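Reader: I have the sequence and the model before me and would like to go through the arrangement of strands and helices. May I put some questions to you?

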Amino acid sequence: MLESMGKAAREASYQLATLTTEQKNQVLLTIAGQLEKESAVILAANDDDVAQARANGMGEALLDRLTLTPERLKGIADDVRQVCNLADPVGQIMDGGVLESGLRIERRRVPLGVVGVIYEARPNVTVDVASLCLKTGNAVILRGGKETCKTNAATVGVIQNALKLHGLPAGAVQAIDNPDRQLVAEMLKMDRYIDMLIPRGGAGLHKLCREQSTIPVITGGIGVCHLYVDDTMDTEVALDIIVNAKKQRPSACNSLETLLIDKNIAEIFLPAFCQRMAEEGITLHADTNIIDAVRTFLPEVVAVKAADYDDEWLSLDLNVKYVDSLAQAVSHIREHGTQHSDGILTRSLKNASNFVDLVDSSAVYVNASTRFTDGGQFGLGAEVAVSTQKLHARGPMGLEALTTYKWVAWGDDTLRR
């Protein structure tokens, strides 16, 4: 099965690479319209997936990721339309010039070819990835988790029907609908057909792909995100940012997991912080150096476990710790962060600049919520993933991250001397 899918994707990629920007945009607009037209089919399939996942004991955070609503599906369709408005990087001349030999040489952006994506309970990924791949002339093979099986099948069916309306092969967007985990192991060896592999899931999936894939892998998306409140920050403003970073969508990979509080601001900051956390329903997991102080204002505080600093809560839980300085905050982030999204809340330009220089994350924030690490929020349209590595893409991966380049040399019957 995978062999035939790989061949179909490779053949489709050749056709997609020849499409003009206008042709690709027309396909995307049709997909967006069909997603809304067939919303009842997709939502019914999603209801079945959610019911099965709940019966299997899936946690609330993952259920939230899995669930589609009419509003969310409308938002997904609008994201596809937004991709139409983005500049098409394919064919862009990156640089070049005329050499001494007389050759006119240029470096031109081209599609990767075939992209493979492995993900879990995230049905929106199906459409996000498909739209970005189509915009950049790439075919895609999707392998969602068993939790999203029916939703993905319905969604991919709608996309493939839209492709056919434009005379394009269904092989341009395919999904592996068999939940057998052995197929993941086989997919990791499809280097003959897949040019780049993107896992979107937990640490175990990323480790499996890094260790077993014969295809270049882009890893990321695991967000142990931090905010550091220094001793110059306004308390009320800081609290609003903290609540947004933690509560706006706690199941997202860019939600806040650990708050680092400068000890010099404790007397002013801590009472208001504890009161606000209680009002917002956020459970605090406190370090030994702050737990007694927190208990004065919030008796329900929980002692943090060492492992909590290295994992995502994906819920209304927040680690909290005192630090003595910016340097100590940076040290904690370097030890426990995942190079996803980390920020400083400050009124000191010097502290902000030092933090930005010292924290090596794919997204670093000054006086802003970490929830902005997202392709749409960064102006990239829908994203394929958030890469926390350094090659070949970093941070939210939009259109350019789905391209490579080729050298094109123009001669006038030119010979090498």
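The questions and answers below concern a predicted model.

Reader: What is the strand order of the open sheet of seven strands?

Author: The model is predicted, and in it seven strands with parallel pairing form an open sheet. The edge strands are β10 (302–303) and β13, each of which pairs on one side only. The order is β10-β9-β11-β8-β7-β12-β13.

Reader: Is β12 enclosed or exposed?

Author: Strand β12 covers residues 341–345. From β12, S341, G343 and L345 point one way, while D342 and I344 point the other way, and all are buried. Because five of its five residues are buried, β12 is largely enclosed by the rest of the structure.

Reader: Which residues stand opposite G343 in the strands paired with β12?

Author: Strand β7 (residues 225–229) pairs with β12 in the parallel sense over four bridges, and L227 is the residue opposite G343. Strand β13 (residues 363–366) also runs parallel to β12 and is joined to β12 by four bridges. There, the bridge partner of G343 is Y365. The two residues are thus L227 and Y365.

Reader: What handedness does the β-α-β unit of β12 and β13 have?

Author: The unit consists of β12, helix α14 (residues 349–358) and β13. Its two strands run parallel and are joined by four bridges. The β-α-β unit is right-handed.

Reader: Which residue of β11 stands opposite I261?

Author: Strand β8 (residues 256–262) and strand β11 (residues 317–323) run parallel and are joined by five bridges. Opposite I261, the residue in β11 is Y322.

Reader: At about what angle does α13 run to β7?

Author: Helix α13 comprises residues 326–336. This helix lies across β7, β8, β11 and β12. Its angle to β7 is about 175 degrees.

Reader: How do the axes of α10 and α11 cross, and at roughly what angle?

Author: Two packed helices are described by the angle between their axes and the distance between the axes. For helix α10 (residues 235–247) and helix α11 (residues 266–280), the axes come within 10 Å. The crossing of α10 past α11 is right-handed. The angle is roughly 35 degrees.

Reader: How many nonpolar, polar and charged residues make up the contact of α10 with α11?

Author: On the α10 side, the contact includes L239, I242 and V243, and among the residues they and their neighbours meet in α11 are F269, F273 and M277. Charged residues are also present, including E236, D240 and K247 in α10 and R276 and E280 in α11. By class, the contact has nine nonpolar, one polar and five charged residues.

Reader: Is E280 buried or exposed?

Author: E280 lies in helix α11. Leaving aside neighbours within four places in sequence, E280 is in contact with V243, K247 and L316. Its relative accessibility is 19%, and the cut-off for burial is under 20%. E280 therefore counts as buried.

Reader: Which strands stand at the edges of the three-stranded sheet, and why is one side of each left without a neighbour?

Author: This open sheet has antiparallel pairing and the order β1-β2-β16. The twist averages 20 degrees from one strand to the next. Each edge strand has a single partner strand, so one side is left without a neighbour in the sheet. The edge strands are β1 (93–98) and β16 (403–410).

Reader: Which residue of β2 stands opposite I93?

Author: Strand β2 (residues 104–111) runs antiparallel to β1, and five bridges join the two. Opposite I93, the residue in β2 is R108.

Notes. Residues are numbered from 1 along each chain as its sequence is written. This is a predicted model: local features need pLDDT of at least 70, side-chain atom pairs count only at pLDDT 80 or more; totals for chains, interfaces and linings use all residues. Side-chain values use heavy atoms; hydrogens and water are left out. Axes are lines fitted to C-alpha atoms, for helices over the stretch in contact, and angles run from 0 to 180 degrees between N-to-C directions. A crossing is left-handed if the near helix is turned anticlockwise from the far one by less than a right angle, and right-handed if clockwise. Contact means heavy atoms within 4.5 Å. Ala, Val, Leu, Ile, Met, Phe, Trp, Tyr, Cys and Pro count as nonpolar, Asp, Glu, Lys and Arg as charged, and the others, Gly among them, as polar. Buried means under 20% relative accessible area, exposed over 50%, partly exposed in between (1.4 Å probe, protein chains only). Two strands pair if DSSP finds at least two bridges between them. A crossover is right-handed if, with the strands pointing away from the viewer, the path from the first strand over the helix to the second runs clockwise.
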